[in-house]
Amino acid sequence: MGDYDPDNIFAKILRGEIPCSRVYEDNDTLAFMDIMPRSDGHLLVIPKTPCRNLLDASPEQLAAVMSTVQKLAKAVVKAFDADGVTVQQFNEAAGGQEVFHLHFHILPRQEGVPMRPPGNMGDFDLIAQHAERVKGALA
Ligand code: 5GP
C-alpha cells in the first residue's frame, strides 16, 4: 500500500485550498457533497486527520467517521424522503478507490431508482440546493 499523499484532493479541501459544498463538520470529521453525484444528495464523510483508507485508519478515526456517517445517513433520508440509503467505501485502486483519503459515500435511494453511472460531473447549482436540504434536515 502507498503512503498518505498530503496533496490528495480531499486534503486540499480540508486545508481550504479548493472549495466544497460543506454540509456538516465537527472536531474530527467533515461531510460535503460529491461533485459527481450518483444519486441526488450523494455526499462524502471524511476524517480531518490523514489516512488513506480503512486499511491504515485508527480505531479513533473510524469511530469518529462512522458516527458522522450515521448522522448524515439519517439526515439524507429525512432531506430526500428516501426509501433507503447506500453507504459505500473503497480501498486502494484495485478496490475502486480514486481519492486516497479515507471517505464514505452516502447515497439516499428511492425504491426502484438505480444509481447513476460514475464519473459524470453534477450541476453545481443543484448540488448546492441539495446541500441546503441536508443542512436543513440536520438543523
Ligand atoms: P472513490 O475514491 O471512492 O472511488 O471516489 C472518490 C469520489 O470523490 C468520487 O465519487 C468523486 O466524484 C468524488 N470527487 C472527486 N474529486 C472531487 C472534488 O474535487 N470534490 C468533491 N466534492 N468530490 C470529488
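## A greasy patch on the surface

A surface patch here is built from residues with over 30% relative accessible area and no salt bridge, and nonpolar side chains are joined into one patch when they lie within 5 Å. With that in mind, have a look at the model above, which is a predicted one. Ile35, Met36, Met121 and Phe124 together make a nonpolar surface patch of about 400 Å².

Let's pick out one member of this group. Methionine 36 sits in the loop between strand S2 and strand S3, the latter spanning 43–47. Is methionine 36 buried, partly exposed or exposed? Its relative accessibility is 32%, so methionine 36 counts as partly exposed. That value also fits the patch rule, because patch residues need over 30% relative accessible area.

## The largest pocket

Now turn to the largest pocket, which has a volume of about 700 Å³. It is lined by 27 residues, and the closest to its centre are Phe10, Asp34, Ile35, Met36 and Leu44. Two of these names may ring a bell: Ile35 and Met36 belong to the nonpolar surface patch and are also listed among the residues closest to the pocket centre.

Which parts of the fold supply at least two residues each to this lining? They are helix H1 (9–14), strand S2 (29–33) and helix H3 (124–138). Helix H1 gives the most, with three residues.

What kinds of residue line the pocket, by class? The lining has 16 nonpolar residues, eight polar ones and three charged ones.

## Salt bridges

Charged side chains can pair up too, and a search of the whole structure finds seven salt bridges. One group is worth tracing by eye: Asp7, Arg15 and Glu17 are linked in a network. Arginine 15 takes part in both of the contacts described next. With aspartate 7 it forms a salt bridge whose closest N and O atoms are 3.4 Å apart, and with glutamate 17 the closest N and O atoms are 2.7 Å apart. Both pairs count as salt bridges because the cut-off is 4 Å between the side-chain nitrogen and the carboxyl oxygen.

How open to the surroundings are these three residues? Aspartate 7 has a relative accessible area of 48%, so it is partly exposed. Arginine 15, at 41%, counts as partly exposed, and so does glutamate 17, at 48%.

Another salt bridge joins the side chains of arginine 22 and glutamate 25, with 2.9 Å from N to O. Arginine 22 is partly exposed, with a relative accessible area of 34%, and glutamate 25 is partly exposed at 39%.

## Two residues with positive phi

Finally, look at the backbone in two loops. Aspartate 81 is found in the loop between helix H2 (59–80) and strand S4 (84–88). Its phi is near 50 degrees, a positive value in a residue other than glycine. Glutamate 92 lies in the loop between S4 and strand S5 (104–109), and its phi, near 65 degrees, is positive as well.

Which of the labels, buried or exposed, suits each residue? Aspartate 81 has a relative accessible area of 63%, and because exposed means over 50%, it is exposed. Glutamate 92 has a relative accessibility of 12%, and because buried means under 20%, it counts as buried.

Note on methods. Residues numbered from 1 in each chain as written. Predicted model: local features only at pLDDT ≥ 70, side-chain atom pairs only at ≥ 80, totals over all residues. Heavy atoms only, no water. 1 Å grid on protein atoms, 1.4 Å probe; cavity = no way out; pocket = protein on both sides within 12 Å on 5 of 7 lines; lining within 4 Å. Points joined across faces, edges and corners; volume = space filled by probe spheres on them. Helix = DSSP H or I, 4+ residues; strand = E, 2+ residues; numbered from the N terminus. Nonpolar A, V, L, I, M, F, W, Y, C, P; charged D, E, K, R; others polar. Patch = residues over 30% accessible without salt bridge, like charges linked within 9 Å, V, L, I, M, F, W, Y side chains within 5 Å. Areas by Shrake-Rupley, 256 points an atom, 1.4 Å probe, with all protein chains shown as cover. Buried < 20%, exposed > 50% of the residue type's maximum accessible area, 1.4 Å probe, protein only.
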